[in-house]
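Trainee: Please take a close look at one part for me. I would like the sheet and what packs around it, in one connected answer.

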Amino acid sequence: PHTGRRGCWPRTWVLGCQKCGSSAVASAINTYLGVCWAELTGVNAGREAYYRKETHYWQRDATTASEFTALFPASKVMHAGGECAAAGFMEATPNYLFDLPRMPALLAAAMPLAVHRAVRFVLVLREPVARDLSSYNHQRMYGEA
C-alpha cells in the first residue's frame, strides 16, 4: 500500500453529491471488492458512523496529510476478507465534488507522487430533478425542510 507516515492513502475516491447514489456505489465497492473504510480515530474520533465512508477531512481546515492517512491504518483488520491494505482503502466524501475548483490542487500537493499513479476516482451523477426531489424528501424526513 502507499503509506504516509501514519497510515495509507486511499486508492479509491468516490465523488458525487448528496442523494446521487454515491453511498450505494461505495457500499458495493466495499462489499464486493473488499476496499475498506476509514477508522473513527484521530480527527474523526467519536463522530457518527458515516464518517467511516466520508471523512470530510479535506473540507475542514486540514492540517497535515499524515493526520489524514492516520484514518486509514495499514495494520488494522477492518474487513472480513482480511487486511485492508491488500484491497486498499476508500474515501467517499460527496462534498469534495462541490469543492472541485480547489480539490485537485489540494490533493495533488498533499499526495506523494507514487500515489498519483495508483489512485482512482469514481464520479457518481444523478439526473438533477430526481436528485433534488430525493434531497428534499431526505431533508423533510429530518425536519430540515
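**The sheet and its surroundings**

Mentor: Helix 1 (residues 22–33) lies across strand 1, strand 2 and strand 3. Against strand 1, helix 1 runs at about 160 degrees. Keep in mind that this is a predicted model.

Now the sheet itself. It is open, has three strands and follows the order 2-1-3, with parallel pairing. Strand 2 and strand 3 (120–123) are the edge strands, and each pairs on one side only. Strand 1 covers residues 12–15 and pairs with strand 3 in the parallel sense. Four bridges join these two strands. Leu-15 stands opposite Leu-123 of strand 3.

Next, the rings. The whole structure holds 11 aromatic pairs. Take Phe-72 and Phe-89. Their ring centres are 5.5 Å apart and their planes meet at 70 degrees, so this pair is edge-to-face. The cut-off for that class is over 60 degrees. Phe-72 sits in the loop between helix 2 (65–69) and helix 3 (84–87), while Phe-89 sits in the loop between helix 3 and strand 2 (90–91), so the pair ties together parts 17 residues apart in sequence. Both Phe-72 and Phe-89 are buried.

Ring pairs also build a cluster. Its members are Trp-9, Trp-13, Tyr-57, Trp-58, Phe-68, Phe-72, Phe-89, Tyr-96 and Phe-121.

One last ring contact involves a charge. The charged end of Arg-47 sits over the ring of Tyr-51, at 4.8 Å from the ring centre.

Notes. Residues numbered from 1 in each chain as written. Predicted model: local features only at pLDDT ≥ 70, side-chain atom pairs only at ≥ 80, totals over all residues. Heavy atoms only, no water. Phe/Tyr/Trp six-rings, centres within 6.5 Å; stacked < 30°, edge-to-face > 60°. Buried < 20%, exposed > 50% of the residue type's maximum accessible area, 1.4 Å probe, protein only. Lys NZ or Arg CZ within 6 Å of the ring centre and 35° of its normal. Pairing = 2+ DSSP bridges. Contact = heavy atoms within 4.5 Å. Axes fitted to C-alpha atoms, helices over the stretch in contact; angles between N-to-C directions.
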